[in-house]
Amino acid sequence: MAEDTARRLQARPIAVTKAAPPVSTQTILLIITLIVVTLYVAADILMPIALAVLLGFVLTPIVSRLERWRLGRVPSVLAVVVLLFLAIIGFGAVVGSQLGDLADNLPTYQRNIHTKIESLRSATASTGDRGAIKQATEAFRDLKQELENATGGATPAQQGTTAAPAPQAGAAATPPRREPVPVRIDQSDTGVFDLASRFLGPAMTPIATAGMVLVFTIFMLLQREDLRDRLIRLVGSGDLSRTTEAMNDAGERVSRYLLMQVVVNVTYGIPIGVGLWLLGVPNPLLWGLLATVLRFIPFLGPVIASAFPILLSFAVDTGWTLPLLCIALFVAVELFSNNVVEPWLYGTATGLSSLAIIVAAVVWTTLWGPIGLLLATPLTVCLVVLGRHVPQLHFLEVMLGDRPVLPDEAKVYQRLLARDPTEATELAEERLGTCSPVELADGLLLPALSLAEQDRQRGTLNPEGRQAVAEGMASLLDELSDTVAPAGDAPHVLCVGARNNLDEAAAGLLAYLLTGRGTRTDVVPCEKVSSRTIASLGTAGVDAVVLSSLNPSALGHSRRLVRRLRLHFGPHVPILLCLWSAHPEADVPERASAETDANLVATGMAGALAQLEELSIGVVAAPAPEPTSPQP
């Protein structure tokens, strides 16, 4: 029995899992093109599904709350759908009644508009009865006549009234000849079905779309767990952790965005309605509701919502005070909503950059029209989440997300490399407002120099680039320095660059920190500590020497320099070896201490200052106590 089992196991093929090959850029572009074409061609099918998913995000928390109240899945869904219909019907009833009241008052508004035009015409009149409006009207009429003559023909009415050639003397006058008018008999079918399709056809499309959205929404709410499981199985059942995280991230962001959008729109529509009521604009309830609903449409919604009441204010008031007050009201509420309410409520709700929102609105409107403009932000949020959790689509998060694309140290390095130390100084000053100078050096400036050193080791940073970074760092430290010159009896430290000007820039950064602590420092370039020139370096009054190196792997070079410095300054001057790019938990400091003659080894600015403090160098002097008046 055991032998048969072993024989079967040996005969069974063993499946070997192979790593999936990386997807090329051409394949990704081809997939994106196919997706865009599919979205455009299948818009009639995909738009109702997208709207249903959006409604599902909105209604799912309400359904879940009713289920927790032990109402049941089907009754909860039906109750939510009925409440949604009642809200839509109530909104339509209010809007319809307001529109009816507005239509009853249109004749009065028409007379006001005529009065305002007459006042404008009289105000702009220049000489006699020829005002600016009349002159503009006549100019357009003359231009139209010239264009018609230039195109070589007149209208049939004009041809019928064209004067005939003048009759010769003695000849009887003949009446002008008129062109015959063609008569066309329309024999098209004018039955009931044809009239119904002609007039009801345009209205059936939105009704059918609304019905499809309703059906999809109900089934998504009823079977949301089953749909979730199917989506997980389709997208990534092999990586449940990443798939679940991506779905939770997308759902949370979209739901939070929609909730915050509702709050923002309500806080926008209520002040608009109240303000229009106080100003005396008719039907303020209608305009407040429209402002609340239309603001769901990005960019165009507030413009459309403000256009109607502003135009109505022109018709209501015979003067110009009310229209100007309406414009001021909309501008003030819009500015307050954009600059106060939205940043306070949204925060990082969507994770989209401002440019991404604009581009998304343009793209989705081109693909799906007005509905695409409504769905632009939620759909783009899903794309950003997809790019965050799928490595092959990471470029979506880089292009559309609001996360910083470059870390601050990379920004500083790039600005120094571009010979723009001003912007790098601004970044450093902004960071310095929230941290100490030592934390600034260890967390921002030293990592920027480490990036430059890494590029130098790879051969991608030429000598001109190294010089630009070193000079820019020196200029940045000059701008940050606000300390006075140390006292003459303060400790004196030499900060030596080990190999190149990048090491010298790191030495200058340590000198900046030591100077702020009351220590006299001198930055020594690597050329002055060579075997031929080190003899010219003075030794009097030197309390410590710090050797700065951004390349921790070059221990052989550091060992030779430490030995040279030891022979020149003698055993009484301590030497601190700073390996800035070395990880503090690695064994590099221990190996450097064992392989070199350095007294101390440090891997960061804070560690270097602590090592020098042990030597009583770079210690901030305590302020002298204030003299106290003698007790009576």
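**Helix packing and a few residues**

Me: Which way does the crossing of helix 14 and helix 15 go, left-handed or right-handed?
Reply: Helix 14 and helix 15 make a right-handed crossing. The word means that the near helix is turned clockwise from the far one by less than a right angle, while anticlockwise would be left-handed. Bear in mind that this is a predicted model, where local features need pLDDT of at least 70, side-chain atom pairs count only at pLDDT 80 or more, and totals for chains, interfaces and linings use all residues. Residues are numbered from 1 along each chain as its sequence is written, and side-chain values use heavy atoms, leaving out hydrogens and water.

Me: OK, at what angle do helix 14 and helix 15 pack?
Reply: About 125°, and their axes are 7 Å apart. Helix 14 covers residues 354–368 and helix 15 covers residues 370–389. That makes helix 14 oblique to helix 15. Angles under 35 degrees are roughly parallel, over 145 roughly antiparallel, 65 to 115 roughly perpendicular, and the rest oblique. The axes are lines fitted to C-alpha atoms, for helices over the stretch in contact, with angles running from 0 to 180 degrees between N-to-C directions.

Me: And which residues of helix 14 and helix 15 make the contact?
Reply: From helix 14 you have Ile357, Ala360, Ala361, Trp364, Thr365 and Trp368. Helix 15 brings Pro370, Ile371, Gly372, Leu373, Leu375, Ala376, Thr377, Leu379, Thr380 and Leu383. Contact means heavy atoms within 4.5 Å.

Me: How many residues of the contact of helix 14 with helix 15 are charged?
Reply: None: the split is 12 nonpolar, 4 polar and no charged. Nonpolar here is Ala, Val, Leu, Ile, Met, Phe, Trp, Tyr, Cys and Pro, charged is Asp, Glu, Lys and Arg, and the others, Gly among them, are polar.

Me: Back to Pro370 then. Is Pro370 buried or exposed?
Reply: Pro370 sits in helix 15 and counts as exposed, at 68% relative accessibility. Buried means under 20% relative accessible area, exposed over 50%, and partly exposed in between (1.4 Å probe, protein chains only). Pro370 and Ile297 are 73 residues apart in sequence, yet 8.3 Å apart in space, C-alpha to C-alpha.

Me: What about Val359, where is that found?
Reply: Val359 belongs to helix 14 and counts as partly exposed, at 40% relative accessibility. From Val359 to Thr380 is 21 residues in sequence and 9.8 Å in space, C-alpha to C-alpha.

Me: New pair. At what angle do helix 11 and helix 12 pack?
Reply: Helix 11 (residues 284–294) and helix 12 (residues 300–316) pack at about 165°, with axes 8 Å apart. They are therefore roughly antiparallel to each other, and the crossing of helix 11 and helix 12 is right-handed. The contact is made by Trp287, Leu290, Ala291 and Leu294 of helix 11, with Gly301, Pro302, Ile304, Ala305, Phe308, Pro309 and Leu312 of helix 12. Those contact residues come to 10 nonpolar, 1 polar and no charged.

Me: Zooming out, how many helices and strands are in the protein chain?
Reply: The protein chain has 24 helices and 7 strands. Both are DSSP runs numbered from the N terminus: helices are H or I, at least four residues, and strands are E, at least two.

Me: How much of the protein chain counts as buried?
Reply: 35% of its 632 residues. The chain exposes about 38400 Å², and carbon and sulfur atoms supply 64% of that. Areas come from the Shrake-Rupley method with a 1.4 Å probe, and for residues only the protein chains shown count as cover. Taking contacts between residues at least 6 apart in sequence, 72% join residues at least 24 apart.

Me: Odd backbones next. What is phi of Arg70?
Reply: Near 60°, a positive value in a residue other than glycine. Arg70 lies in the loop between helix 3 (43–68) and helix 4 (73–104), and is exposed, with a relative accessible area of 79%.

Me: And where is Arg419 found?
Reply: In the loop between helix 17 (408–417) and helix 18 (421–432). Arg419 has a positive phi of about 55° although it is not a glycine, and is exposed at 52% relative accessible area.

Me: Last one: does Asp455 count as buried or exposed?
Reply: Buried, at 15% relative accessibility. Asp455 is in helix 19 (residues 437–458). Not counting residues up to four places away in sequence, Asp455 touches Tyr413, Thr460 and Leu461. Asp455 and Arg466 are 11 residues apart in sequence and 9.7 Å apart in space, C-alpha to C-alpha.
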